[in-house]
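Subject: Structure for you to look at

Hello,

Here is the structure I promised. Please open it alongside this note, as my findings follow below.

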Amino acid sequence: MSSGQLLIFLIRHGRTKWNREKIFRGHMDIPLDEAGEAQAEAAGKFLQDIKLSLIYSSPLKRALQTANIIKKYQTEDTKIIPCQGFLDLSYGEWEGKTYRKIKETYPDLYRLWEKEPQKVKIPEGETLLEAKRRSWQALQQVISRSRGCSVGIVSHRVINKLLICGMLGIDESGFWSIKQDPCCINIIKYCDNKFTILKLNETCHISSLKENLKIVDF
């Protein structure tokens, strides 16, 4: 790899009980469930031939657990760096509630979330733009520190989507055009100040898992 090139493996954390039950998570610190741990193991095996110099991770349990499982398949030199910028979107008053409950309680706002999410300000939470700005700043720090390397970033559905929107040069209105399944892997090359998406929402490493058949982008 050239000294100015960076290979980024952008990974969504494995499944949690709240993913399965379609409960909004946000900053709530939910651990992986058994299927999520198996997904992370599969991701680790898939990446074991890639030398990841660093693994940046959201500080929430579900991301850090995923990062630590992936690290088992790397060398002892690989370090995990928790990064606040990759923290999940704050869903404010929606956190800990099912999407059905939110649809009933905030019908107009949820309808807007489904159609024009870039216009939504969740009560006591963040907008997509606010989350994009902080995660994009964190990504720029990764780029400045890691040229000539391969790095992992373990984050969340919303944050991954927003980062990919930024890499593709589209705004937050493209949020629903990008799918991110639990423990998917996106591979991005950064070179000459340009991003090239090599793989998007790659899940071949977990396609043999029975639980993968039940995965939804939530």
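I185 is buried, at 0% relative accessibility. The cut-off for buried is under 20% relative accessible area, so I185 qualifies. Bear in mind that this is a predicted model. I185 belongs to strand β5. Its C-alpha atom is 4.6 Å from that of I11, yet the two residues are 174 apart along the chain. Beyond four places in sequence, I185 touches F9, L10, I11, A43, F46, L47, K199, L200, N201, E202 and H205.

One of those contacts, N201, deserves its own look. N201 lies in strand β6. Its phi is positive, about 55°, although N201 is not a glycine. N201 is buried, with a relative accessible area of 16%.

N193 also has a positive phi, near 65°, and is a residue other than glycine. N193 sits in the loop between β5 and β6 (194-202). Is N193 buried or exposed? N193 is exposed, and its relative accessible area is 63%.

Next, the aromatics. The structure holds 11 aromatic pairs. Take W94 and W113: their pair is edge-to-face, with 6.1 Å centre to centre and 85° between the planes. W94 is in the loop between β3 (79-82) and α4 (99-105), while W113 is in helix α5 (residues 107-115). The pair therefore ties together parts that are 19 residues apart in sequence. W94 and W113 are both buried.

W113 also pairs with F175. The ring centres are 5.7 Å apart and the planes are at 50°, so this pair is tilted. F175 lies in the loop between α7 and β5 (185-191), so its pair with W113 in helix α5 ties together parts that are 62 residues apart in sequence. Both W113 and F175 are buried.

Which residues form the aromatic cluster? F24, Y91, W94, Y106, Y110, W113, F175 and W176 form one cluster. F175 has a charged partner as well: the charged end of K161 sits over the F175 ring, 4.7 Å from its centre.

Now the helices. Two packed helices are described by the angle between their axes and the distance between the axes. For helix α6 (residues 128-145) and helix α7 (residues 157-168), the axes come within 9 Å and cross at roughly 75°. That angle makes α6 roughly perpendicular to α7. Here is who makes the contact:

- From α6: L128, A131, K132, R134, S135, W136 and L139.
- From α7: V158, I159, L162, L163, G166 and M167.

What kinds of residue make up the contact of α6 with α7? The contact divides into 9 nonpolar, 2 polar and 2 charged residues.

One more residue to check is I170. I170 is in the loop between α7 and β5. At 35% relative accessibility, I170 counts as partly exposed. Leaving aside neighbours within four places in sequence, I170 is in contact with K132 and C165. K132 is also one of the α6 residues in the contact with α7.

If you want places to start in the viewer, try these:

- I185 and I11, for the 4.6 Å between C-alpha atoms.
- W94 and W113, for the edge-to-face pair.
- K161 and F175, for the charge over the ring.
- N193 and N201, for positive phi at N193 and at N201.

Best wishes

Notes
Residues are numbered from 1 along each chain as its sequence is written. This is a predicted model: local features need pLDDT of at least 70, side-chain atom pairs count only at pLDDT 80 or more; totals for chains, interfaces and linings use all residues. Side-chain values use heavy atoms; hydrogens and water are left out. Axes are lines fitted to C-alpha atoms, for helices over the stretch in contact, and angles run from 0 to 180 degrees between N-to-C directions. Helices (H or I, at least four residues) and strands (E, at least two) are DSSP runs, numbered from the N terminus. Angles under 35 degrees count as roughly parallel, over 145 as roughly antiparallel, 65 to 115 as roughly perpendicular and the rest as oblique. Contact means heavy atoms within 4.5 Å. Ala, Val, Leu, Ile, Met, Phe, Trp, Tyr, Cys and Pro count as nonpolar, Asp, Glu, Lys and Arg as charged, and the others, Gly among them, as polar. Rings of Phe, Tyr and Trp (its six-membered ring) pair if their centres lie within 6.5 Å; planes under 30 degrees apart count as stacked, over 60 as edge-to-face and the rest as tilted. Buried means under 20% relative accessible area, exposed over 50%, partly exposed in between (1.4 Å probe, protein chains only). A charge sits over a ring if NZ of Lys or CZ of Arg is within 6 Å of the ring centre and within 35 degrees of the ring normal.
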